There are 4 protein chains.
Amino acid sequence: MRSLEIDASWDPSAEYEPTEIETDSRKAMNASEVWRNPELKVTEKECPSPKNDEVLIRVRYAGICGSDVSMIETDEDGYVHYSAYLRLPNITGHEFSGEVVETGEDARLFETGDLVTAEVTDYCGRCNMCRQGFQGHCENFEQVGFTTSGAFAKYVTVSEKLLWDVSSLRNAYGDDDEVLRAAATIEPTTISYYGLFKRAEGVVPGDYHVYHGAGPIGLTGMNVSRASGAGKVIAFEPSEERRAVARELGFEHVYDPISRDPVETVDVVTNDEGADVHVETSGAVAQTYPVIEETLAEGANVVHISNAKTTHEITLRKYQGNSAQLYGSEGHTGNQVYPRVIRLMASGRLDNLPIVTSTFDISNADEALHRAAERVDGKVLIEI
Amino acid sequence: MRSLEIDASWDPSAEYEPTEIETDSRKAMNASEVWRNPELKVTEKECPSPKNDEVLIRVRYAGICGSDVSMIETDEDGYVHYSAYLRLPNITGHEFSGEVVETGEDARLFETGDLVTAEVTDYCGRCNMCRQGFQGHCENFEQVGFTTSGAFAKYVTVSEKLLWDVSSLRNAYGDDDEVLRAAATIEPTTISYYGLFKRAEGVVPGDYHVYHGAGPIGLTGMNVSRASGAGKVIAFEPSEERRAVARELGFEHVYDPISRDPVETVDVVTNDEGADVHVETSGAVAQTYPVIEETLAEGANVVHISNAKTTHEITLRKYQGNSAQLYGSEGHTGNQVYPRVIRLMASGRLDNLPIVTSTFDISNADEALHRAAERVDGKVLIEI
Amino acid sequence: MRSLEIDASWDPSAEYEPTEIETDSRKAMNASEVWRNPELKVTEKECPSPKNDEVLIRVRYAGICGSDVSMIETDEDGYVHYSAYLRLPNITGHEFSGEVVETGEDARLFETGDLVTAEVTDYCGRCNMCRQGFQGHCENFEQVGFTTSGAFAKYVTVSEKLLWDVSSLRNAYGDDDEVLRAAATIEPTTISYYGLFKRAEGVVPGDYHVYHGAGPIGLTGMNVSRASGAGKVIAFEPSEERRAVARELGFEHVYDPISRDPVETVDVVTNDEGADVHVETSGAVAQTYPVIEETLAEGANVVHISNAKTTHEITLRKYQGNSAQLYGSEGHTGNQVYPRVIRLMASGRLDNLPIVTSTFDISNADEALHRAAERVDGKVLIEI
Amino acid sequence: MRSLEIDASWDPSAEYEPTEIETDSRKAMNASEVWRNPELKVTEKECPSPKNDEVLIRVRYAGICGSDVSMIETDEDGYVHYSAYLRLPNITGHEFSGEVVETGEDARLFETGDLVTAEVTDYCGRCNMCRQGFQGHCENFEQVGFTTSGAFAKYVTVSEKLLWDVSSLRNAYGDDDEVLRAAATIEPTTISYYGLFKRAEGVVPGDYHVYHGAGPIGLTGMNVSRASGAGKVIAFEPSEERRAVARELGFEHVYDPISRDPVETVDVVTNDEGADVHVETSGAVAQTYPVIEETLAEGANVVHISNAKTTHEITLRKYQGNSAQLYGSEGHTGNQVYPRVIRLMASGRLDNLPIVTSTFDISNADEALHRAAERVDGKVLIEI
């Protein structure tokens, strides 16, 4: 089957000593210290077959995530930017939709023909984290498209407990092609939903939300916020193209944080009441936190979602003076996140299709990745 | 000024012994045990003048609430149905909008010309309930339109701490007449918002909501639920006219609970997942609770809003087997309820105007009340 | 190995039609409609051996639960009282402590010699309930001592994900015998902890708690409440012996609800402020709910834990007028319940040993069960 | 009446331009930019008399807070350290107990002879913050002992809505002198209670708590944590004297963060599970946050209470990787904080008396303040 594969050299940096398990499994816990000189190629691989509780899916659309891009971008020494858990060579891709074509002997939840999407983190359900309810930080986790074969291929197998039926999207879309395109954007959408409604505890309808960064996570998050009753959604994004996508989605308060003072802007848009919810989706924390801290409404929730590599200065006094709190959030694993996001999309009030600004055929999947690396699209999809 | 006044005879029933305070103040704690043979008349009263922190408002629209109706409906002995706190004679009416025309010497929050609506419960801020944060159950409360002069009149005075500016609705409506019509529906809308987001603690976007009863509270509640991200909103309502209003608002799942089995209906609409949120807005608890208890999703929240006069049978086993909870909710007093509802309306995603199905001039206010008593309208407004 | 076994006749009542799965597996979903004429015997069984992720435990103490008793008590037609999921014949017993003596090939969390106790509900981790975080209501659940062999025997095997290390109790107790006696009371203790801190959401230190019923669940619950900062703990219990146990534990406000008016008593003890937390652990709902509803403090939480077989009358008005809520609670499965209860016991501030009022040797296990059926003990233990 | 008065020169720094209101009222919003060369004296002042809803209290004990000390400590230019709202000259002192001796004509909650303590922040109840439930950040606030006359005097008047009856402490203490000494420590105790149970949302019994700083706020907080069910309470404090007080209170895990590595210590004490609750009460954020971030248990709550003057580096990655959150907390104003802390003390399970390590007569109140400035005591009280 036609697949997009990434490979690189296992070459741990001087400071990093991989464990025996890492070396044996070729799964680096911090890829950016181990994997060097990545290569990307479209190639033919053998079709997998579903074992036990696995389900075989004929992939139809797969989105390119910033993490996919960071596996082929390198520092000056050739080490990849991606800094989490990664096995290579691997077929990557973890934001996808498709159709069930075969089920493992133990699989009971799905049938051939079901339209589905998948969660990313495969948890063991038995370790000390899992049995305390922390499946998202499972001690034995695997990740579809990171440590196991992913979705930039005609077929992928996934444990059925990670799969969710998306046929209810037919309520919102006219044909199954649209359903599957929309379904491929569910995974990034769950990231904000998880941060806003499973990590933060006090987000209520009518709150004013600010997104710092309107890339794929920010744009799908803005859609979540609006569908969930945000009184206003404000976005700051330096890319003109991405601001255009946000406006195309119908958002009115979309600004360039460089040409326009963000604090003053929030003050004007919120009538000096400040923002109740601040979502950091840019990673440019040195620029965004000073803005956040000057625009906290009383009781504000700050949800940190982006991958911030550095520490940053925080002014604790601001969180005290405004009864504010800061939540670190990552991933989407947890109670009902996928089913609730799917329901929001099925209601017709959360439409991500305008965010999809480029679509490439799987034969040109490498080009798709290079395109995504330009960071001007809403979302780049691969059609398979 | 032209006003709608209700009066009745102070004639405590044999079982009810009013306190000295009740007798002296003519404020009955349980009106249905004291006030008899009510009379309704449109009359001329003197215009009030704002004292201390009060604000004088030129009323523009005032909605008729079920409680207004229950002040003129009686039992066979002539006692009014309304069973809470009431002083008579009084100008009633507590769901209104208008324009500030004068402010008391201590009032600081508003200026002449401001468009406003008001909360109902005037709390003292100093009693043992208030200082513990329970202003809604203030020990010394007064209620606009119940124990103090209300809004079925050209002018009304209200303590400024109960008033909220509604000029932001200009963002959603084309002219100030529409703004003021919409603003007169804020009060009933806050009842569900308070129940869903200040009393219940686990309502999240994507949840399936069921309203048992689509009168004014149910209809405005359904609007709140949809604007706040309900995955689906289901309503059961025996009145054909009110079902028509619900459909006019764009709701798809609106049913007659008599001609169609409600449990089976919820099962079908929710694909057997059950409803996450159940809002009781009908008062017909003997009919609705058995349905609620058969359709509880795991972790379901039941929000009891209606005025249920009787006890009812509850099957505790159902709440255990579905990890469900039941919240008693009344009123709207509390942190940020009004400002958040106003923001939802200003966003354009919560439009109550289609709910207003009859409008009467203040000169025909008595007819308006009789019309509302037929219980077939969405909302009856009086234009003043 | 010496074991206590219960058997009965599979004889479905006229109204109950078991599914094929029930018949094949001899697991009745509602035991009280199927199992008839129970017999109890101390007998010799073969020692089990741990498979896969199972752990073999040398049981040391096992408590008798009301559910064990209800498996040998019958209605007039000979059907057992126990109304939930039950396979017979079976070694029952699910409240126990012991020492790990062997581990299955896949077990990784425990080692020989570890002192442990266990959760009851074995969840699959893969069904639609489990993957949404509702493991306690797993669609494929098994229960130790109900559908799988339990702890009234020298050895028991349990999936390791249900086991918790109790060696930290050595911090609170002088020797391992005391550690293991105390550890056998952890399971009942988790029932209230789960209800108070995982189901109810607003219980805070200083709240006044009332227990309606001071049997084993009520007594261990009172210990949880006190250790967790209850301002006062009030108990109503008709059994003089159980009231004596409560007083022995150091509780001051322990009353007979028959000889003393409970509403008046709560008013006096709480200085008319009412109780913030009401825990129903008696099952006598016709008597207790009227008391609960007359003594609700503003914002009160009612936690329903007992097995109430009947419906009961509820006065919704009371929940509205006091901003109160009612939570159905059962079991203990969920995030961190066991580890947190173990920590409370290890701190020395939650001591259940005085609750253990009778201890029988496994050879007299049948007598132990008959003793427990008298319902006068705090907790009856079997030493093995 | 004998009183301790602080005065200083109104001499705004070059960078600070006071508003007209500040200048007219002599209330500086940031005292450290305005008040210079403070002087402290014990002097005779006239006894106040209670107006409106005020109550006159015969003060019996008054504690010295860090803020009192910082009003007489200065930078090299002579400006006081205290950086919040302050009017001078003033009788300071806001942690106190006493007896009601007279009530204003509008006061209804108290009677002569009642034993009381008081909240600090007097809120207006009418501004836009108050009417949204944010009384702690009232726009028109006054503070007892900061902008109004305080308790380092024989008598003080306070608005009755800030007063709380402490006679229930008689349940825990043998005589009224002990009751009043204990009651004078309620105010500092409420600071942690508010942070743990009104700001943070997920603190549950059995959690492991770490206090970074065991001065008066830390020590009373540790008492709150233990009484509220902390599984373990760990404290880091460089002062040997204060560590001794902590041990005197019965805390086992009390360490010098300088001579002993705090991260390693938390790892050992928590058996590598990490701490669930981290309370910053030291102000030494450059030292404490790196420790906090290395010892976060999954789902950890960080409660920031101290007055941190500087920004500090935060590692957001740690909050994401551990699903942790950070709450800014200040003050104690809010629903039921005082009544709940009083109940905990009345239960006998929260005893602050061992924290009181020095007591001075009001005639030597200036010495008391100098003593407190040495920062080696648990709590310094003035007896009046």
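Domain 1 of chain A and domain 2 of chain A bury about 1100 Å² between them, 60% of it on carbon and sulfur atoms. Buried area here is the accessible area, taken with a 1.4 Å probe, that two parts lose on being put together, summed over both. In domain 1 of chain A, three residues lose the most area to domain 2 of chain A: A:Pro354, A:Ile355 and A:Val376. Together they make up 38% of what that side buries.

This is a predicted model, in which local features need pLDDT of at least 70, side-chain atom pairs count only at pLDDT 80 or more, and totals for chains, interfaces and linings use all residues. Residues are numbered from 1 along each chain as its sequence is written, chains are lettered from A and ligands numbered from 1 in the order in which they are written, and side-chain values use heavy atoms, with hydrogens and water left out.

**Confidence**

pLDDT is the predictor's confidence in each residue, from 0 to 100. Chain A averages a pLDDT of 96. In chain A, 100% of the residues score at least 70. For the complex, the predictor gives an ipTM of 0.96 and a pTM of 0.97.

**Inside chain A**

Where do the domains of chain A lie along the sequence? Domain 1 takes 2-185 + 352-383, and domain 2 takes 188-328. These bounds come from an automatic or database domain assignment. The centres of the two domains, taken over C-alpha atoms, are separated by 27 Å. Each domain gives 13 residues to the contact, where contact means heavy atoms within 4.5 Å.

The count of salt bridges between domain 1 of chain A and domain 2 of chain A is zero. A salt bridge is a side-chain nitrogen of Lys or Arg within 4 Å of a carboxyl oxygen of Asp or Glu. Polar contacts do occur: five residue pairs, both at pLDDT 80 or more, link the two domains of chain A. A polar contact is a pair of N or O atoms within 3.5 Å; within protein, one must be able to donate a hydrogen and the other to accept it, and residues adjacent in sequence count only if both atoms are side-chain atoms. The side of domain 1 that touches domain 2 in chain A has four nonpolar, five polar and four charged residues. In this scheme Ala, Val, Leu, Ile, Met, Phe, Trp, Tyr, Cys and Pro count as nonpolar, Asp, Glu, Lys and Arg as charged, and the others, Gly among them, as polar.

**Chain D with chain B**

A turn of 180° and a shift of 0.1 Å along the axis lay chain D on chain B, with an RMSD of 0.1 Å. Copies are superposed by least squares on the C-alpha atoms of residues with pLDDT of at least 70 in both. The two copies are therefore related as by a two-fold rotation axis. In chain D, the C-alpha nearest the axis belongs to D:Gly125, 3.1 Å from it. The same surface serves both copies, since 100% of the contact residues of chain D recur in chain B.

Which residues of chain D lose the most area to chain B? They are D:Arg126, D:Arg131 and D:Gln132, together 40% of what that side buries. On chain D, the side touching chain B has nine nonpolar, eight polar and seven charged residues. In one salt bridge, the side chains of B:Arg126 and D:Asp53 meet at 3.9 Å, N to O.

**Chain C with chain B**

Chain C superposes on chain B by a rotation of 180° with 0.0 Å of shift along its axis (RMSD 0.0 Å). In chain C, the C-alpha nearest the axis is that of C:Glu313, at 2.2 Å. Again the same surface serves both copies: 100% of the contact residues of chain C recur in chain B.

C:Glu298, C:Leu316 and C:Gln320 supply 23% of the area that chain C buries against chain B, more than any other three residues. C:Arg317 forms a salt bridge with B:Glu330, with the closest N and O atoms 2.9 Å apart.

**The chain interfaces in numbers**

| Interface | Buried area | Share on carbon and sulfur atoms | Salt bridges |
|---|---|---|---|
| Chain D and chain B | about 2000 Å² | 42% | four salt bridges |
| Chain C and chain B | about 2900 Å² | 49% | two salt bridges |

Contact residues number 24 from chain D and 24 from chain B in their interface. Between chain C and chain B, 32 residues of chain C are in contact with 32 residues of chain B. Twelve residue pairs are in polar contact across the interface of chain D and chain B. Between chain C and chain B the count is 27 residue pairs.
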